[in-house]
Each structure stands twice: as C-alpha cells, then as structure tokens.
Amino acid sequence: MASAQYKDLLKAADDEGLSLCPAGTYDVKVYKAEAGTTSKGNKMFTLTYEVVSGPNSGRRLKNWMAMTPDYPGLVKKWFREMAAMGLAREYWEAEPADGKVCADLTNRMCRIEVGVRKDRDGEDTEDIKKIMAPVGGAQPTPSVSAGPSFAPPVSATIPGGPVADVKAPAVPF
C-alpha cells in the first residue's frame, strides 16, 4: 500500500468536516452532483461545492437538496436555489431525468452563504444557508431534450432472429 502524505490526508479530512469552513459567502462551483432519495422517499440531490477563490479556495462543502412536496415554502426555496445555479423553470417543465440534472449541475458556478449549526451530536458543523446566483447572474439554462430518453435507439440480435429496435436506457452524459 502506498503511503499518503499527512497534509493530503488532512485536506481530505477537512473537506469532510474535520475543521470548519468559516461562516461567510463563497464563490463556488458544483464539483459533483448525485441523485438519490431521502429516508421518506423524496427526491434529493447531494451537491459537493468547491470554493474557487480566496483563502479557502479548493475547500469542498456538501449540501443535501431534498424536494419536500408537503411544504410549499421549501419547494419554492428549492426551485429558487436551482434557478440560481442556472436550472430555471423551463428546465424543470421538461421533466429532466436525474442523470441529466446531475450532469447539468456539475461545474455550474454560484455563491453560497455558509453558517454554523449544531449537528445531532452537539458538534459545530457547516450549514449552507443560501444559494445565490454568481456575480454577473446565473448561467444560461441548458436545454432538455423531449422524451424520457436522450440516447439513440439501438438494434439487437439474438439467436433465432432479429429483435425490433429497442431504446437504450437514458445515460447521464
């Protein structure tokens, strides 16, 4: 097993919350986006942001954006924050697949307001309080192709004869 440098391990630990990112407003990009569901079965996107400027440049912070249909105020906030990252109303009206959403969020710029709150164990943890458009405004909304899949049809053949054209499953990129 190759040995790792302690400073690299400390950086990785900091990105996972070993030390707190100071409260403030940061210019960030979406480093990674993952689709999932909450324990109650609601849609959720887990976003990892990377600070792109200042003394905390390179620092990563996570945000869990859960869609909570039972609370209209939270739904409004969810769509407002997605729009700040450039995924405006017309994007969502096209019913994009989760993989497409993740691909379209990745590398998008925005600003986040970070605070500090207590976690379940009473420890201080970072809290992303607000997501805002980057200086200069949100990036343009990407297009969403119509239909449930944006992959081209593929043909398959099995022993005993050809099979009709079959749509390939949607791919996130």
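This report describes the fold, sheet, core, aromatic contacts and loops of a predicted model.

**Overall layout**

The protein has 173 residues, of which 31% are buried. Four helices and seven strands are assigned. Along the sequence these elements follow the pattern α-β-β-β-α-α-α-β-β-β-β.

**The sheet**

Five of the strands make an open sheet, in the order E3-E2-E1-E4-E5, with antiparallel pairing. E3 and E5 are the edge strands, each pairing on one side only. From one strand to the next, the twist averages 45°. In general, strands of a sheet pair through backbone hydrogen bonds, in either a parallel or an antiparallel sense.

The table gives the bridges for each pair of neighbouring strands.

| Strand pair | Sense | Bridges |
|---|---|---|
| E2 and E3 | antiparallel | seven bridges |
| E1 and E2 | antiparallel | nine bridges |
| E1 and E4 | antiparallel | six bridges |
| E4 and E5 | antiparallel | eight bridges |

Individual bridge partners help to fix the register. Thr 48 is matched with Lys 62 in E3, and Val 30 is matched with Tyr 49 in E2. Arg 111 appears in two bridges: its partner in E5 is Met 132, while Asp 27 has Arg 111 as its partner in E4.

Two of these strand pairs are hairpins. E1 and E2 are separated by five residues, and Gly 41 in that turn has a positive phi of about 90°. The hairpin of E4 and E5 also has five residues between its strands, with Gly 122 in the turn at a positive phi of about 85°.

**The nonpolar core**

The largest nonpolar core contains 29 residues. The members that touch the most others are Leu 47, Tyr 49, Met 82, Met 85, Leu 105, Ile 112 and Ile 131. At least two core residues come from each of strand E1 (24-37), E2, strand E3 (60-66), H2, helix H3 (89-93), helix H4 (98-105), strand E4 (109-118) and strand E5 (124-132). Both helices and strands of the sheet therefore contribute to this core. As a general rule, nonpolar side chains in soluble globular proteins tend to be buried together.

**Aromatic contacts**

How many aromatic pairs does the structure hold? There are five aromatic pairs. In the pair of Phe 45 and Trp 78, the ring centres are 6.3 Å apart and the planes meet at 35°, so the pair is classed as tilted. Phe 45 belongs to strand E2 (residues 43-51) and Trp 78 to helix H2 (residues 72-84), so this contact ties together parts that are 33 residues apart in sequence. Both rings belong to buried residues: Phe 45 has a relative accessibility of 0%, and Trp 78 has a relative accessible area of 5%.

Phe 45 and Trp 78 are also part of a cluster, linked by ring pairs, that includes Phe 79, Tyr 91 and Trp 92.

A charged side chain meets a ring elsewhere: Arg 60 lies over the face of Tyr 31, at 3.5 Å from the ring centre.

**Cysteines**

The whole structure has zero disulfides. Cys 102 is buried, with a relative accessible area of 10%, and Cys 110 is buried as well, at 1%.

**Loops**

Most residues other than glycine have a negative phi. Two residues in loops depart from this pattern. Glu 95 has a positive phi near 55° and sits in the loop between H3 and H4. With a relative accessible area of 65%, Glu 95 is exposed. Asn 107 is not a glycine either, yet its phi is positive at about 75°. Asn 107 is located in the loop between H4 and E4.

Is Asn 107 buried, exposed or partly exposed? Its relative accessibility is 46%; exposed requires a value over 50% and buried one under 20%, so Asn 107 counts as partly exposed.

Pro 69 lies in the loop between E3 and H2 and is exposed, with a relative accessible area of 52%. The C-alpha atoms of Pro 69 and Asn 42 are separated by 8.0 Å, although these residues are 27 residues apart along the chain.

Note on methods:
Residues are numbered from 1 along each chain as its sequence is written. This is a predicted model: local features need pLDDT of at least 70, side-chain atom pairs count only at pLDDT 80 or more; totals for chains, interfaces and linings use all residues. Side-chain values use heavy atoms; hydrogens and water are left out. Rings of Phe, Tyr and Trp (its six-membered ring) pair if their centres lie within 6.5 Å; planes under 30 degrees apart count as stacked, over 60 as edge-to-face and the rest as tilted. Buried means under 20% relative accessible area, exposed over 50%, partly exposed in between (1.4 Å probe, protein chains only). A charge sits over a ring if NZ of Lys or CZ of Arg is within 6 Å of the ring centre and within 35 degrees of the ring normal. A nonpolar core is a set of buried Ala, Val, Leu, Ile, Met, Phe, Trp, Tyr and Cys residues joined through side-chain atoms within 4.5 Å. A disulfide is a pair of cysteine sulfur atoms within 2.5 Å. Two strands pair if DSSP finds at least two bridges between them. Axes are lines fitted to C-alpha atoms, for helices over the stretch in contact, and angles run from 0 to 180 degrees between N-to-C directions.
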